[in-house]
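Student: I want to learn how to read strand pairing and pockets. Can we work through an example?

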Amino acid sequence: MVSSTFMSVVSDVQAIFKPPNAMRGGIQMCFPQFGYSGTLERHGFARNRIWALDDEHPPINHNDNINKVSVDLILKASEDDLKCWSHCFEFRLRVSLSKDGDLSLVSRIRNVNGKPFSFSFAYHTYLSVSDISEVRIEGLETLDYLDNLSHKERFTEQGDAITFESEVDRVYVSSPNVVAVLDHEKKHSFVIRKEGLPDVVVWNPWEKKSKTMVDFGDEEYKQMLCVDAAAVERAITLKPGEEWTGKLELSAVSSTNCSDHLDHPVSI
């Protein structure tokens with residue numbers, strides 16, 4: 001899990017830090033499965049594993065090295081992983097923080113197996129907001145989405161922005177590479193840029209579901225929102241030796257300047 005100052009982590013009283021439970025908050029690496037879409041544990045096993053420092057990471061661009069600090073991590077299939085998902089892989093993750101506070105993540109997943117395999121993926125991102133009823137998401141209007149509260153039935157977004165008045169659990173498909181989360185009370189926005197990830201998952205449990213979650217405070221739904229860059233609707237398939245790359249960049253900007261950022265491509 002990756003955590004930053006503009007991300008939400010549930011209170012220490014509610015959070016569960018003991019494996020095999022994933023700690024709720026930050027950015028979780030959902031691989032090789034998102035949700036309950038397959039036979040594995042919810043959101044796959046990668047988020048619950050101990051990663052190692054990657055001594056053989058791809059070279060860092062000289063300019064990036066000046067403007068960012070980075071750490072390179074690697075996850076390989078363990079014997080226990082192979083018992084439940086019989087595919088060998090290398091999952092390399094570079095986490096970078098710029099001098100301006102922008103957080104970027106680059107995931108590279110390579111098939112080192114003797115046969116093809118397929119997977120779904122998401123950066124399960126908990127954002128900290130002032131009041132969920134004062135938040136709106138721009139960039140997903142008019143898109144189709146799969147509603148997980150209606151057995152994944154397909155709908156088309158009708159509003160000019162997404163706002164919140166009840167529980168939301170949706171997968172917006174074929175989404176643009178830049179999405180903005182506007183927090184009116186804080187007068188700032190989160191700009192989410194992505195590459196290689198066609199979908200966006202939007203989730204807030206609201207009041208009723210929050211009270212059923214043992215690692216989540218009854219009122220914490222008011223100060224959080226998950227907006228995940230993801231590949232969920234269609235699985236990614238890698239042949240032996242192939243590699244997939246998925247990129248995410250998060251920026252916190254003044255809401256008055258938010259529209260300027262929506263036109264900028266991902267820079268990581």
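Student: In which sense do strand 10 and strand 13 pair, and over how many bridges?

Tutor: Keep in mind that this model is predicted. Strand 10 (residues 168–172) pairs with strand 13 (residues 199–204) in the antiparallel sense, over 5 bridges. To fix the register, take one bridge: V168 has N204 of strand 13 as its partner.

Student: Which sheet order includes these two strands?

Tutor: Read the order from one edge to the other. The open sheet has 7 strands in the order 1-6-14-13-10-8-9, with antiparallel pairing. Strand 1 (27–30) and strand 9 (153–156) are at the edges; each has a single partner strand, so one side of each lacks a neighbour in the sheet. On average, neighbouring strands here are turned by 25° against each other, direction ignored.

Student: Where do side chains point in a regular strand?

Tutor: They alternate between the two faces of the sheet.

Student: Which strands pair with strand 15?

Tutor: Strand 5 (residues 103–111) runs antiparallel to strand 15 (residues 243–254), joined by 8 bridges. One of the bridges has I109 facing W244 as its partner. Strand 12 (residues 188–195) also pairs with strand 15 in the antiparallel sense, over 8 bridges. There, K194 has L248 as its bridge partner.

Student: What volume does the largest pocket have, and what lines it?

Tutor: Its volume is about 780 Å³. The lining has 36 residues, with F34, G35, Y36, S37 and H43 nearest the centre. By class, the lining divides into 16 nonpolar, 11 polar and 9 charged residues.

Student: Which strands each supply at least two residues of that lining?

Tutor: Strand 6 (117–128), strand 10, strand 13 and strand 14 (224–238) do.

Notes
Residues numbered from 1 in each chain as written. Predicted model: local features only at pLDDT ≥ 70, side-chain atom pairs only at ≥ 80, totals over all residues. Heavy atoms only, no water. Pairing = 2+ DSSP bridges. Helix = DSSP H or I, 4+ residues; strand = E, 2+ residues; numbered from the N terminus. Axes fitted to C-alpha atoms, helices over the stretch in contact; angles between N-to-C directions. 1 Å grid on protein atoms, 1.4 Å probe; cavity = no way out; pocket = protein on both sides within 12 Å on 5 of 7 lines; lining within 4 Å. Points joined across faces, edges and corners; volume = space filled by probe spheres on them. Nonpolar A, V, L, I, M, F, W, Y, C, P; charged D, E, K, R; others polar.
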